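Work through the exercises below with the sequence and the structure in view, and try each task before you read its solution.

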Amino acid sequence: MASARASTLLGRRTETQLLDHLISSLRGGQSRSLVIRGEAGVGKSALVEHVASRASGCRVVKAFGVESEVELAYAGLHQLCAPLLDHLDALTAPQATALGVALGVQSGGAPDRFLVGLAVLNLFSAAAADKPLVCLVDDAQWLDLASRQTLAFVARRLVAESVGIVFAVRDPSEDPTFAGIETLVVGGLAEADARSLLDSVLAGPIDVAVRDRIVAETAGNPLALTELSRGLSPADIAGGFGLSAAPGMGSRIEGGYVRRIEALPEATRRILAVAAVEPVGDPGLVLKAAEHVGVTADALTPAMHDGLLDVGVKLRFRHPLMRSAALRAATPEQIAEAHRALAEATDPVTDPDRRAWHRAEAVVGFDEEVAADLVRSARRAQARGGLAAGAAFHQRAVELTPDPNIRARRALMAAEDKFRAGATSDALTLLELATPAQLDDHQRARAELVRARVAHAVTRGKDAPRLLLRAAERLAPHDPEASIAIYADAVAAAFSSGSLAVGVDLRDVAAAILHAPADPQLPATEAAWETLRSIAVLVTEGYEAGAPLLRTSLRTLTSTVRDATARAGAEDAPLAVDASVQDPAADQLPPAEPVDSGGPPLHVLRRGLGIDAVDDDGLHWLALGSLAARILSDDVAYDEFTALQLQQSYRSGALAQLPMAMSERFSALMWSGRMSTAESLAYSVQAIIQATDALPIMNRMLWLYTFRGDDAAALQIIDAPRDDVYRRGEGQWLISIACGGGMLLNALGRYSDAFDATSDVAGHPFDVGLAAWILPERIEAAVRTGNTAEAAAAVARLNDIADACATDWALGVAARSSALAADDADAERLYLRSIELLGRTGQRATLARSHLVYGEWLRRANRRVEARDQLRLAHAMLSDMGIIGFAERARRELFATGETVHRRSADPLEDLTSQEMQIAALAAGGGTNPEIGAQLYLSPRTVEWHLRKVFTKLGITSRRQLAGALGR
């Protein structure tokens, strides 16, 4: 075996040096993650074994992806974590419970997916406390989805734990799970090395032309070079007559294994079939199952002598292609026999799901008893958070169900599961089996809902409003509470698609809501329904008619959510997080955004809101509250709902909702001037979206770049092609980008360009909820460029909106915009009113801009002393918040008054990354390393590593000095 491995590593000097450096990094206290990619047989497994052989002084744990186990939730994670469970007591109780439930070692509700990821991260960190930990995952493409996502998430969060994770992934692969992790692409051997390897395995001389043909056709693939000649005579090899052209390298190598297996005794082939369909590699289970097919353990000996497999603590095929070759060499009857034998040998109490799966694979035709067993397995998988596994069990149950009516209902359940697991195309395929004639009205409505949600997930617009509206209308007679949630989805989809919607737009959805006969029975649902109806009135009849109704319904919804939170036993849950925004002095140090601390358990809050039956995530009403608050410019409610919406999106693992929740929360933080928190949130959530392959949302990074003064990055977004926007039908993105563009260009003083940027969307019928943001940019640009008629029209509309909303934020922004367009006799009164109104809100960034434009007006009125006071204040506020773009404009205006303001000298705080700033803020507030890690999805050791860097940059030596350093 050693010589074979050495020959396989011929010509791999660069690769082995990289892997040796990885091990050295672990010994030096750092963490590394690496994905080894390459085609079958290229030597990925040998490189993984090289890491194991060089990891002296390290703890090594291994996992192997098995194709037949790809649907069993957390099965791959179990292989890595089971040897480390002696460190489980190092985890917090919630983390230990989440991981225990995921691995099936204890019972409980479906675990929070991010909490499972954090638990694994901290388990690895704890296991590496004494000596570095090396995690090796071969054939990672065949890990189950939950394990792949969890391990990829962990791999991206490792920094300073002395933990290394090496994945071997077969290419070609379209799986994006491991994207963004350092990658080593392994190709074929160089020609000289390939010739040397081929010569070393040939029994005799070979024609040079034939040798060159073999080297060329194998493209230097080591396994192909060493295995293709097996089973061929020397004459076949020498003349090249036995070397047939196979369609692909994997099938060509596998074909050589098939020939070797077919030459073995029949008993050996039968026990190999059993071993091939048993995914765990349990020798005892394989031998017990073999007894059921009349084969003894001696039958394994020929396969072991031929180098096909090893038997020890685990039974392992020497290469994954050997496993698939064993299946190819077996007849369908032998494969079914193997599954049947394994089902008989598997304990129905300790491992009921694998037993059910084996039973199902042994069935030819229909079998209701086995189908029902699979349905029970699906429910168990879902309880552990294995949505993909539950969907697979349900799908197989559909195939085995004899009764067409029951089959249709199970196909519907499988389609719903597949959608929640993110397999949208599979969901639509299963819906084709859910024949409408075999479903009742309620079930047909559920089928319509799956189609609608698939459309929304895939396009973010276009057809989604029409499909969701139809699903809500069909669901209403059967489940009024659930239908209201779908109406809320339809409203969200219609806002997103805007003018690009097909067939049904926002006004159509609003009209349908006003005519819907919904009669909610639960307080939260009633409050949500009234909020939806108020939004519908506002859309169809305007702000004057709808905004007063929306204010009332939002108050009711807010009160209901708070009551539900209190009943869940968490009166101090962060519904009003970041309360320091109300205190201007406290805003010097933006608090870090909580992501997984505080608040009631999600299922308890859902029950309190009366939305358990609606959907898995229960976030509809929180998203609705965020939308209503944004429409009204109610900064207090917007802060509350966006904080809770984001928190619960994290906690539930609701990937579809997380990007939108992040986007809303980001806006709330940005307008209030909490730029460090907003920036950290944006980057951390982007990392989670990338790690979990969630769908992205409108790019509001433009606003961050604008405020930060990164003009080049902002302009790159503005000028980017918009083909994808039109393809998806995400019309509101166009309004959002125009708003950000206007803001950027106004900050730069490029008022003509800002006017052009906002021309197409200001006053747009689908700008509800964004009008109060885009109109001020439009007005400022119009005034500065002398477009008085355009400015007057925009001012009139903005005042109508603000008067109807009657919130200090809306009225303050309207007063500032009115002042810009007003005569000198009225301008100062309006500027001062704007400052007064905004001073009562938490909108620090918005207030600073009012001081800025008032100072500019005073300078133009030649009142330089007063102008300097306002401009100094604006400059200080904007600089302190990190809003560099507008701070520079204030600095230029001060220079015009005759006062020179130098750009800030180097500040140690500016050397901190956004993550370091967030960690420092939490530590200054008294957070321990485990508490900080739980909020930021980092291990405590990584938190400590970042803090040491923070101390060095700030020139301090302890946590006690942090608050003072940050305050400076």
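The exercises that follow concern a predicted model, and they go from the whole protein to one helix and then to one residue.

**Exercise 1.** Find how many helices and strands the protein has, and what share of its residues is buried.

*Solution.* Begin with the secondary structure, which comes to 49 helices and seven strands. Then turn to burial: of the 968 residues in the protein, 59% are buried. Finally, consider the surface that remains accessible, which comes to about 36,600 Å², with 52% of it belonging to carbon and sulfur atoms.

**Exercise 2.** Check whether the length of helix α39 agrees with the expected span, and decide how far the helix is enclosed.

*Solution.* Helix α39 covers residues 771-784, and at 1.5 Å a residue its 14 residues should span 20 Å. The end C-alpha atoms of α39 are 20 Å apart, which agrees with that expectation. Next, look at burial: twelve of the 14 residues of α39 are buried, so the helix is largely enclosed by the rest of the structure. Among these buried residues are W773, P776, E777 and R778. After α39 comes G786, whose phi is positive, near 80°.

**Exercise 3.** Locate S818, decide whether it is buried or exposed, and name its contacts beyond its sequence neighbours.

*Solution.* S818 lies in helix α41, which covers residues 808-821. The relative accessible area of S818 is 11%, and because buried means under 20%, S818 counts as buried. Once the neighbours within four places in sequence are left aside, S818 is in contact with V795, N799 and L830.

Definitions and conventions
Residues numbered from 1 in each chain as written. Predicted model: local features only at pLDDT ≥ 70, side-chain atom pairs only at ≥ 80, totals over all residues. Heavy atoms only, no water. Helix = DSSP H or I, 4+ residues; strand = E, 2+ residues; numbered from the N terminus. Buried < 20%, exposed > 50% of the residue type's maximum accessible area, 1.4 Å probe, protein only. Contact = heavy atoms within 4.5 Å. Expected span 1.5 Å × (residues − 1). Areas by Shrake-Rupley, 256 points an atom, 1.4 Å probe, with all protein chains shown as cover.
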